[in-house]
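Got the viewer open? Here's a short tour of what to select and what you'll find there.

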Amino acid sequence: MTQRTTRNGWTNGIFSIGLLLLLAACATGGAADQQSGKPGVNIADAALDGGMPQTALDVTRTILQSDPHNVDALERQGIALTQLNQPDAAMEAYQRALAVDPAAPTALLGLGRLQLARGSAADAEHTFSKLLVKTPADRTALNDLGVALDLQGHHAAAQEVYAKVLHLAPDDRAASINLALSLSLSGQADQSVAMLRGPATQPDATPRVRDDLALALALSGSPKEAEKLLLTDLSPGDAAAALAGYQALNDPHK
């Protein structure tokens with residue numbers, strides 16, 4: 001999930017008030033918001049898009065004071081709290097939204113990702129599956145479901161999910177990388193290396209993608225090449241530790 005960082009100079013009280021006034025003047029919110037003068041969900045969206053989750057949180061709190069069952073506001077509150085590194089409060093906001101609308105898509109996606117982050121892969125699988133009942137072609141939810149399955153060791157099922165994403169969108173990079181990693185973890189590391197080598201050697205390759213290739217290389221029996229790749233982004237000590245962890249995945253007694 002993409003994270004936004006709070007910029008302290010942009011979130012002091014005076015600027016936040018000025019921002020809300022500016023956004024309220026520019027926004028195309030509903031008539032009720034315009035007549036009452038209260039901030040609308042669109043203002044929270046603008047704050048989130050601008051990298052200001054605290055401002056978005058303040059806006060949602062104002063909305064929920066008068067409309068505590070506003071699902072849109074609760075979903076945005078969950079996003080803002082997640083970005084502010086308050087996962088417990090974010091989960092509560094998403095669960096409140098789902099109590100009103102059990103099929104609220106943003107709440108289901110956000111809750112599932114928080115469950116993944118906590119290591120509750122089975123719960124996340126259930127949450128993503130509920131989302132996909134209504135939107136079976138949601139590629140983001142499908143990718144996340146695949147991750148939840150992989151984390152439980154259900155690699156074949158995960159690979160079927162990633163293949164479905166790639167059928168919908170052959171250029172979906174996340175699904176391609178997830179599939180390659182899943183193949184690595186299910187004893188098909190050579191195939192995984194072939195899939196990951198191209199993306200990892202592109203000029204715009206991220207450290208995460210290079211790390212994924214290093215994992216595949218380690219599992220395919222190429223530790224020296226894996227270590228060399230890890231050293232692109234890590235110190236020698238961190239690279240050695242990462243490599244040891246990857247090699248341990250091949251240990252049947254782990």
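**Stop one: a helix and its ends**

Select D172 and A174 at the start of α11: a side-chain oxygen of D172 comes to within 3.2 Å of the backbone nitrogen of A174. This is a predicted model, where local features need pLDDT of at least 70 and side-chain atom pairs count only at pLDDT 80 or more, while totals for chains, interfaces and linings use all residues. Residues are numbered from 1 along each chain as its sequence is written, and side-chain values use heavy atoms, with hydrogens and water left out.

Now select residues 173–185, the whole of α11: 13 residues reaching 19 Å from first C-alpha to last, close to the 18 Å expected at 1.5 Å a residue (1.5 Å times one less than the number of residues). Helices here are DSSP runs of H or I, at least four residues, numbered from the N terminus.

Color the buried residues of α11 (under 20% relative accessible area, 1.4 Å probe, protein chains only); among them are A175, I177, L179 and L183. Show α9, α10, α12 and α13 too, since the buried residues of α11 pack against these four helices, with contact meaning heavy atoms within 4.5 Å. Just past the helix, click G187, which has a positive phi near 85°.

**Stop two: a loop threonine**

Jump to T232, in the loop between α14 (223–230) and α15 (236–248). Its side chain reaches the backbone oxygen of L229 at 3.0 Å. Add D211, 21 residues away along the chain; the C-alpha atoms of T232 and D211 are 9.5 Å apart.

**Zoom out**

The chain has 15 helices and zero strands.

Notes. Helices (H or I, at least four residues) and strands (E, at least two) are DSSP runs, numbered from the N terminus. A polar contact is a pair of N or O atoms within 3.5 Å; within protein, one must be able to donate a hydrogen and the other to accept it, and residues adjacent in sequence count only if both atoms are side-chain atoms. Buried means under 20% relative accessible area, exposed over 50%, partly exposed in between (1.4 Å probe, protein chains only).
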